[in-house]
Amino acid sequence: MDNAAQVKRLLRQQAAIASFGSFALRQNDLQKVLMEAARVCADGLSVKFCKVCQYRPDEADLLIVAGYGWNAGVVGHVVSRADASSPQGRAFVTGEPSICNDLRNDSQFKLPSFYAEHGIVSTIDVLIKGALRPFGVLEIDSDKQQDYDGQEVIFLTSFANVLAEAVATSDRTRVLRTAIAQMKLLVEDKDRLLEQKKVLGEELQHRVRNNLQLIYGMLTRQLDDTSDKAGQRGIKAIARRVSTLARVYDHLLGAEMTRTTDFGAYVRSLCANLGEIQASFAKVTLTCDSDVVILDLDVVTALGIIVAELVTNSYDHAFPDGAGAIDVSVRRDVGNGAMASMIIRDNGQGFEVKSGSKRHGLGLVRRLAEQVRGTANVASSGGTIWTVGFPMAETAS
């Protein structure tokens, strides 16, 4: 292969990896990710077949869980021992790529019958890594003899690394979905009990608060098991929002059971908690002042998350020298009694707002504001000022 052809092949393979990575980040269904990985790998190396084998520790084998090009009955059914008796087993136990240019001349393997049925001659297997143990093996198969060089191995290994991160992301998403499902069940339970008796509803507030704290603990433990920075940031953000919801219930425990509450009192309590969490920022002051603003609980929850996001963002990014001030205020609109506004400001270094940017919580804050039929605007000059306008309880939905 001449240099021009090699460069073209390399660029095509790099584009395939990048495109698959983007697809995997958007896709929540791991099986679809694995099937797409098999298709893209086969196409990227111009072979007819590819498969993903998952390690099953209880059976000590490798099950084909996804594939491309195979006849019915292979994917989801065929297994091989997780030992050196097969190409994929050898790659799994050694952790090194396994290259077989001609299986017809390799008598050391005990191959399942589907290899012969599909006329497989050449294979490459690479390990798909995992957090505690390898997920499995990625294998390409050709019905024509190949003389594989280092570039094929590099491509397949790089692809397996992207696939490993997709699997890890799926695992983290499953943990978070379990937590969210538990939260939904708790909320449904809360609504049923509130209809039966107020006393039971008051007891439920304690239960929800305690379970939110339990979920927060689950997320914290998951954070300890997550090594990549992006994953840590994501889990920290979810944990912070769960903690904010827990503060809603802390506030409700001292109030009569109703569908509305004083957001001003709640936001003062929330700021006190945020100040305690950020105690390491000894030279950053956090102050909060608020009118009595009665809001629906759903609105309180959304606005509470906004406060937590923006205050935490100021602590994390606004003060490179570690000193400054953050101020949170909630006020009724004097000119329009149906509206109120919340201002979160800091005297930090500010930031440049780029069109369409989702940095510094822009995307989340604006989505939450829209959710409560409000608006969110930011200015950055001599610090950062967020202004969130929202309707009062009688007009909010």
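This report describes a five-stranded sheet, the helices on it and the nonpolar core they share in a predicted model.

The sheet is open, has mixed pairing and follows the strand order 8-10-11-13-12. Strand 8 (283-290) and strand 12 each have a single partner strand and stand at the edges, so one side of each is left without a neighbour in the sheet. From one strand to the next, the twist averages 10°. Strand 8 pairs with strand 10 in the parallel sense over eight bridges, and S290 has V330 as its bridge partner in strand 10.

Two helices that contact the sheet strands are set out below.

| Helix | Strands touched or crossed | Angle |
|---|---|---|
| Helix 8 | strand 8, strand 10, strand 11 | about 170° to strand 8 |
| Helix 10 | strand 12, strand 13 | about 145° with strand 12 |

Helix 8 comprises the 15 residues 263-277; at 1.5 Å a residue these should span 21 Å, which agrees with end C-alpha atoms 21 Å apart. At the start of this helix, a side-chain oxygen of D262 comes within 2.9 Å of the backbone nitrogen of G264. Buried residues of helix 8 include F263, Y266, V267, L270 and L274.

The largest nonpolar core has 41 residues, of which F263, L303, M342 and F390 touch the most other members. Helix 8, helix 10 and strand 10 are among the elements that each supply at least two residues of this core. Helix 9 gives the largest share, 11 residues. Leaving aside residues up to four places away in sequence, M342 touches residues including F263, L303, W386 and F390. A second, separate core of 34 residues includes A38, V40, C50 and L156.

How values were computed:
Residues numbered from 1 in each chain as written. Predicted model: local features only at pLDDT ≥ 70, side-chain atom pairs only at ≥ 80, totals over all residues. Heavy atoms only, no water. Helix = DSSP H or I, 4+ residues; strand = E, 2+ residues; numbered from the N terminus. Expected span 1.5 Å × (residues − 1). Buried < 20%, exposed > 50% of the residue type's maximum accessible area, 1.4 Å probe, protein only. Polar contact = N/O pair within 3.5 Å; in protein donor to acceptor, adjacent residues only side chain to side chain. Core = buried A, V, L, I, M, F, W, Y, C linked by side-chain atoms within 4.5 Å. Contact = heavy atoms within 4.5 Å. Pairing = 2+ DSSP bridges. Axes fitted to C-alpha atoms, helices over the stretch in contact; angles between N-to-C directions.
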